[in-house]
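Me: I'm new to this structure and would like a close look at one part of it. Could you pick a spot in a loop and walk me through its surroundings?

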Amino acid sequence: MAAASSRNHCRGCKLPFCLISREEKMLLKLYWTFVFLVFIASRCLADDDHEMEEFLKREYSLFKPYQGVGSSGSSPWELMGDVMVTTDQVRLTPDLQSRQGAVWSRIPCHLKDWEMQVHFKIHGQGKKNLNGDGLAIWYTKERMQKGPVFGNMDNFTGLGVFVDTYPNEEKFIEAQKKRYTPRTQRIFPFVLAMVGNGSISYNHERDGRPTELGGCNAMVRNLKHDTFLFIRYVRRRLTVMIDIDGQHEWRDCLDIPGVRLPQGYYFGASALTGDLSDNHDIISLKLYQLTVFRSQKEEEEEEEDVITIPSVDNMELIRLGQGEEGMSGIAVFFTVLFSLLGCIFLIVIGLVVYSHWNESRRKRFY
Ligand SMILES: *[C@@H]1O[C@H](CO)[C@@H](O)[C@H](O)[C@H]1NC(C)=O
Ligand SMILES: *[C@@H]1O[C@H](CO)[C@@H](O)[C@H](O)[C@H]1NC(C)=O
Ligand SMILES: [Ca+2]
């Protein structure tokens, strides 16, 4: 939320440039002081790490020896499709064509702030880009549904974080003998987050680009060392990190404020294979409850503003920031440059008109 407000202020600051006049200089100074203070304040608030404790919640976690998973009705986890539980992993799909499997929590999660650490492994016989399709981690209203989105239904309601191992769109473009510019070309596997509200479709042919919140590439296949995915949801801020280099270091993947997710949804993991395949293994899902300090005002605001449908604030800005239809750095540079030149031009015009008007007014006086 904090970063969103600072972002808004940055966009707002274009305006005063155009309106500048001698009388308004003072006002402008005040404005910038205010912006600066807001910026500093938001920086401080954005630091989520202070005053935060975490507790492992066993009822939302899945780890060895997977006691009762798939065999006992009292297990908090339920299996679906081609999933297989062994002593070492929960294999969502084997390295075979046209499989889908999932594991879903039976207990809705009412925690406000949480963190999910996923220990996973994707491996198979296929050479690079001849494997698929990937796995997904879910926090959704629906559970135990089969479907095309990495083994879950389309038009889901809630959060999906995907490890997409097959570049559908780029393969398609290649086939058409067109090429992406290096900037927009993605290296797969690609980690991507999406929030659905029940009527937003995941575009499989485009690897989910039209609806993505952000993502990063992650070379996670056929590695000897352990690979982890980290999803944190604190104060409506969604952070995804990966640890895939065997260095025990979290690397930023995406960090988006203003992500509104209702409470009481279900955690799950699913995977899908098609013509191409891979073993998609979950070794553990560890859910931590985070206790985050909130001021009384924040508590009240959140109580008033209850979330019923998942949504993301400033989705248009996020899309813009990613430069959906290839707004390159140079394009951004020229846009800003011409905007500034436009502003200066307007100021000059304004001054000329003003002095003319002043002159004619003076003439009238004499
Ligand atoms: C879901 O999101 C889409 C796109 O943002 C919007 O057009 C639609 O009205 C939303 N549906 C609901 C039920 O909020
Ligand atoms: C998903 O939603 C879109 C748009 O609301 C609709 O056209 C499509 O049929 C839906 N798909 C499914 C599988 O419900
Ligand atoms: Ca894909």
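Reply: Here is a walk around one glycine, followed by the ligands and a word on confidence.

Keep in mind that this is a predicted model, where local features need pLDDT of at least 70, side-chain atom pairs count only at pLDDT 80 or more, and totals for chains, interfaces and linings use all residues. Residues are numbered from 1 along each chain as its sequence is written, while chains are lettered from A and ligands numbered from 1 in the order in which they are written.

Let's start with Gly-132, which sits in the loop between β6 (114-123) and β7 (134-140); strands here are DSSP runs of E, at least two residues, numbered from the N terminus. Gly-132 counts as buried because 23 other C-beta atoms lie within 10 Å (the cut-off is 20 or more, with C-beta atoms placed from the backbone). Its C-alpha atom is 9.6 Å from that of Ile-122, 10 residues away along the chain. Setting aside neighbours within four places in sequence, Gly-132 has contacts (C-beta atoms within 7 Å, placed from the backbone) that include Thr-165, Tyr-166, Thr-273 and Asp-278.

Now the ligands. Around ligand 1 you'll find Asn-197, Gly-198, Ser-199, Ile-200 and Ile-309, each with its C-beta atom, placed from the backbone, within 6 Å. Ligand 2 has Asp-154, Asn-155, Ser-199 and Ser-201 around it.

As for confidence, the protein's mean pLDDT (the predictor's confidence in each residue, from 0 to 100) is 85, and 80% of its residues reach 70 or more. Over residues 1-19, though, pLDDT is below 50, and this stretch has 31 contacts in the model beyond near neighbours in sequence. Where pLDDT is low, the predicted coordinates should not be read in detail.

Methods. Contact = placed C-beta atoms within 7 Å. Helix = DSSP H or I, 4+ residues; strand = E, 2+ residues; numbered from the N terminus. Buried ≥ 20, exposed ≤ 12 C-beta atoms within 10 Å, placed from the backbone.
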